[in-house]
Amino acid sequence: QVQLVESGGGLVQPGGSLRLSCAASGSIFIIYAMGWYRQVVGKQRELVAATRSGGSTTYADSVKGRFTISRDNAKNTVYLQMNSLKPEDTAVYYCNMDLFIQPYGRNDYWGQGTQVTVSS
């Protein structure tokens, strides 16, 4: 089917920046939406940012003005540029894509997760 492969996580000091990437492989017909979620142990997974096929974007209030989501449809890739990182941004970040693939139809797909740690 489809695999989502994430990259770009790591350790960064407060105030620093990281760029996450997520590329989808496989025979993708339609991309409805792409997004990033994050999860801390013991807490629910939360939406960080999302971008839809029409171009609209959504951000969690906690990251507005600091994070930017972008996409390259030709490469089936979504990015998350994270600036002015704070310790509370520490989490495992998951890529998510809402895709239509023949002959499976429309489904949600998840990446394997990448750790982002913000610490001095």
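## A buried threonine

Thr77 touches Cys22, Ala23, Met34, Ser70, Arg71 and Asp72, leaving aside residues up to four places away in sequence. The model is predicted. Thr77 sits in strand S8, which covers residues 77-82. Is Thr77 buried or exposed? Thr77 counts as buried, because its relative accessibility is 7% and the cut-off for buried is under 20%.

Take one contact partner, Met34. Thr77 and Met34 are 43 residues apart in sequence. In space, their C-alpha atoms are 8.6 Å apart. The side chain of Thr77 also has a polar partner. One of its polar atoms lies 2.8 Å from the backbone oxygen of Lys75.

## The whole chain

Now step back to the full protein chain. How many helices and strands does the protein chain have? The count is 0 helices and 11 strands. Read from the N terminus, the elements run β-β-β-β-β-β-β-β-β-β-β.

The protein chain has 120 residues, and a compact globule with that many would have a radius of gyration near 14 Å. The protein chain has 14 Å, so the two agree. Along its principal axes, the C-alpha trace spans about 50 × 25 × 25 Å.

What share of the 120 residues counts as buried? The value is 42%. The protein chain exposes about 6,300 Å². Carbon and sulfur atoms supply 47% of that area. Contacts also link distant parts of the sequence. Among contacts between residues at least 6 apart in sequence, 54% join residues at least 24 apart.

## Ala49 in strand S5

Ala49 belongs to strand S5, residues 46-52. Ala49 has 0% relative accessibility, so it counts as buried.

Which residues does Ala49 touch, not counting those up to four places away in sequence? They are Met34, Gly35, Trp36, Thr58, Tyr59, Ile69 and Leu80. Met34 is on this list, and Met34 is also among the contacts of Thr77. Cys95 gives another distance to check. Ala49 and Cys95 are 46 residues apart in sequence, while their C-alpha atoms are 9.9 Å apart in space.

## Asn96 in strand S9

Asn96 is found in strand S9, which runs over residues 91-101. Its relative accessible area is 8%, so Asn96 is buried.

Where does the side chain of Asn96 reach? It reaches the backbone oxygen of Tyr109, at 3.4 Å. Tyr109 is also one of the residues that Asn96 touches. Not counting residues up to four places away in sequence, the others are Leu4, Ala33, Met34, Gly35, Tyr37, Asp108 and Trp110. Met34 and Gly35 appear here, and both appear among the contacts of Ala49.

## Aromatic rings and charges

The structure holds 1 aromatic pair. Rings also meet charged side chains. Arg45 lies over the face of Tyr94, 3.7 Å from the ring centre. Which ring does the charged end of Arg106 sit over? That ring belongs to Tyr32, and the distance to its centre is 3.6 Å.

## Backbone details in the loops

Three loop residues deserve a look. Start with Pro103. The peptide bond from Gln102 to Pro103 is cis, with omega near -5 degrees. Pro103 lies in the loop between S9 and strand S10, residues 105-110.

Next comes Asn76. Asn76 is not a glycine, yet it has a positive phi of about 50 degrees. Asn76 is in the loop between strand S7, residues 67-72, and S8. Asn76 is buried, because its relative accessible area is 19% and the limit is under 20%.

Last is Ser84. Its phi is near 50 degrees, a positive value in a residue other than glycine. Ser84 is placed in the loop between S8 and S9. Is Ser84 buried or partly exposed? With a relative accessible area of 39%, Ser84 is partly exposed.

Methods
Residues numbered from 1 in each chain as written. Predicted model: local features only at pLDDT ≥ 70, side-chain atom pairs only at ≥ 80, totals over all residues. Heavy atoms only, no water. Phe/Tyr/Trp six-rings, centres within 6.5 Å; stacked < 30°, edge-to-face > 60°. Lys NZ or Arg CZ within 6 Å of the ring centre and 35° of its normal. Helix = DSSP H or I, 4+ residues; strand = E, 2+ residues; numbered from the N terminus. Buried < 20%, exposed > 50% of the residue type's maximum accessible area, 1.4 Å probe, protein only. Polar contact = N/O pair within 3.5 Å; in protein donor to acceptor, adjacent residues only side chain to side chain. Contact = heavy atoms within 4.5 Å. Rg over C-alpha atoms; globule rule 2.2 N^0.38 Å. Areas by Shrake-Rupley, 256 points an atom, 1.4 Å probe, with all protein chains shown as cover.
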